[in-house]
Every structure is written in structure tokens, then in C-alpha cells.
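Me: I have a protein model open and would like to learn how to read its strands and its side chains. Could you walk me through it?

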Amino acid sequence: PQPGEQRVAPPRPLSRALLKRERKGKRERERKQDRQSSNRTMAPFAASRIVMMAAKKKPTSIPVKLLSTAGTGFFYMTRKNPRQIQRKLEYRKYDPVVQQHVMFAETKSYKR
């Protein structure tokens, strides 16, 4: 350095995290650019191509309400596949109102 000039420290090497972030940003910019260029080239053909969407399947299981037989009004919601289980569900589960395990019976099913 000349007299009167400030001394400048040499640039520090980038940390691994900064290098990784920089490469990730560069890759994302390249992908975005590729997508934009491919959209421009496909534009004339996109209008002529008809794409049919497949219909969604009906869900096999239905929501079911299990009501406490202790008469507290407490209930659990669960799902049941009526193709596999035709009978009404009954489980022994915990009812926090009476603070003990009691039978819960299926009372209502919600059809979709």
C-alpha cells in the first residue's frame, strides 16, 4: 500500500452454508428459466391437446359416531368400512366425564 492509502483485508472464503445457499439459488433460477423457455415452445401445441382427468373414487370408509353408553353424551368419531364390517361398532373406551372405561356404541353414520 502507498502512504495515505488504507489497508484492505483480502476477501474471506465463503462458508459452506453460504456456498450451498448460493448454489441452491442458482439451480432454482436455472429451473425457472428452463420452465419459462419450455412453456414458450409448447404454447402452439398446448391448445390442440385435450387432457382428460380421471374421476375421483368414492371413499370406501364412512365417518361414524361412537356414543358413550354411560349416558354422558361424550362421543368419539371414527371411520368404518361398511363393505368389511356390516355390524354396528362397539368399543370399550375411556369416558372422561365418568372417569372410567365404558362401552361406546355406534349411533350415527355420516354418508358421503
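Reply: Happy to! Strands of a sheet pair through backbone hydrogen bonds, either parallel or antiparallel. Here, strand S1 (residues 62–68) and strand S2 (residues 75–80) pair in the antiparallel sense, with six bridges between them. Keep in mind that this is a predicted model. To find one bridge yourself, look at Pro63, whose partner in S2 is Arg79.

Me: What lies between S1 and S2 in their hairpin, and which residue there takes a positive phi?

Reply: Six residues lie between the two strands, and Gly71 is the one with a positive phi, near 80°.

Me: Which other strand pairs with S1, and over how many bridges?

Reply: That is strand S4 (residues 100–109), which is antiparallel to S1 over five bridges. Two places to check are Ser68, which stands opposite Phe104 in S4, and Lys65, whose bridge partner in S4 is Lys108.

Me: In what order do the strands of the sheet come?

Reply: The order is S2-S1-S4-S3, an open sheet of four strands with antiparallel pairing. S2 and strand S3 (90–95) are at the edges with a single partner strand each, so each has one side without a neighbour in the sheet. The sheet is also twisted: ignoring direction, neighbouring strands are turned by 45° against each other on average.

Me: Is S1 mostly covered or mostly open?

Reply: S1 is mostly covered, as five of its seven residues are buried. When you look at side chains along a strand, a general idea helps. In a regular strand the side chains alternate between the two faces of the sheet.

Me: Now for the rings. How many aromatic pairs are there?

Reply: The count comes to three aromatic pairs. To read a pair, look at how far apart the ring centres are and at the angle between the planes; over 60 degrees counts as edge-to-face. For Phe74 and Tyr76 the centres are 5.4 Å apart and the planes are at 90°, so this pair is edge-to-face. The rings of Tyr76 and Phe104 have centres 5.0 Å apart and planes at 65°, so they are edge-to-face too. Tyr76 belongs to strand S2 and Phe104 to strand S4, so this pair ties together parts 28 residues apart in sequence. Phe74, Tyr76 and Phe104 form one aromatic cluster.

Me: Within that cluster, which residues are buried and which are partly exposed?

Reply: Phe104 is buried, with a relative accessible area of 0%. Phe74 is partly exposed at 27%, and Tyr76 is partly exposed at 25%.

Me: Where does a charge sit over a ring?

Reply: Take Lys65: its charged end sits over the ring of Phe75, 4.4 Å from the ring's centre. Another case is Lys93, which lies over the face of Tyr76 at 4.6 Å from the ring centre.

Me: Let's finish with Lys80. Is Lys80 buried or exposed?

Reply: Under 20% relative accessible area means buried, so Lys80, at 8%, counts as buried. Lys80 is in strand S2.

Me: Which side chain does Lys80 join through a polar contact?

Reply: That of Glu106, at 3.1 Å. Leaving aside neighbours within four places in sequence, Lys80 is in contact with several residues, including Ile62, Val64, Ile85, Leu89 and Glu106.

How values were computed
Residues numbered from 1 in each chain as written. Predicted model: local features only at pLDDT ≥ 70, side-chain atom pairs only at ≥ 80, totals over all residues. Heavy atoms only, no water. Buried < 20%, exposed > 50% of the residue type's maximum accessible area, 1.4 Å probe, protein only. Pairing = 2+ DSSP bridges. Axes fitted to C-alpha atoms, helices over the stretch in contact; angles between N-to-C directions. Phe/Tyr/Trp six-rings, centres within 6.5 Å; stacked < 30°, edge-to-face > 60°. Lys NZ or Arg CZ within 6 Å of the ring centre and 35° of its normal. Polar contact = N/O pair within 3.5 Å; in protein donor to acceptor, adjacent residues only side chain to side chain. Contact = heavy atoms within 4.5 Å.
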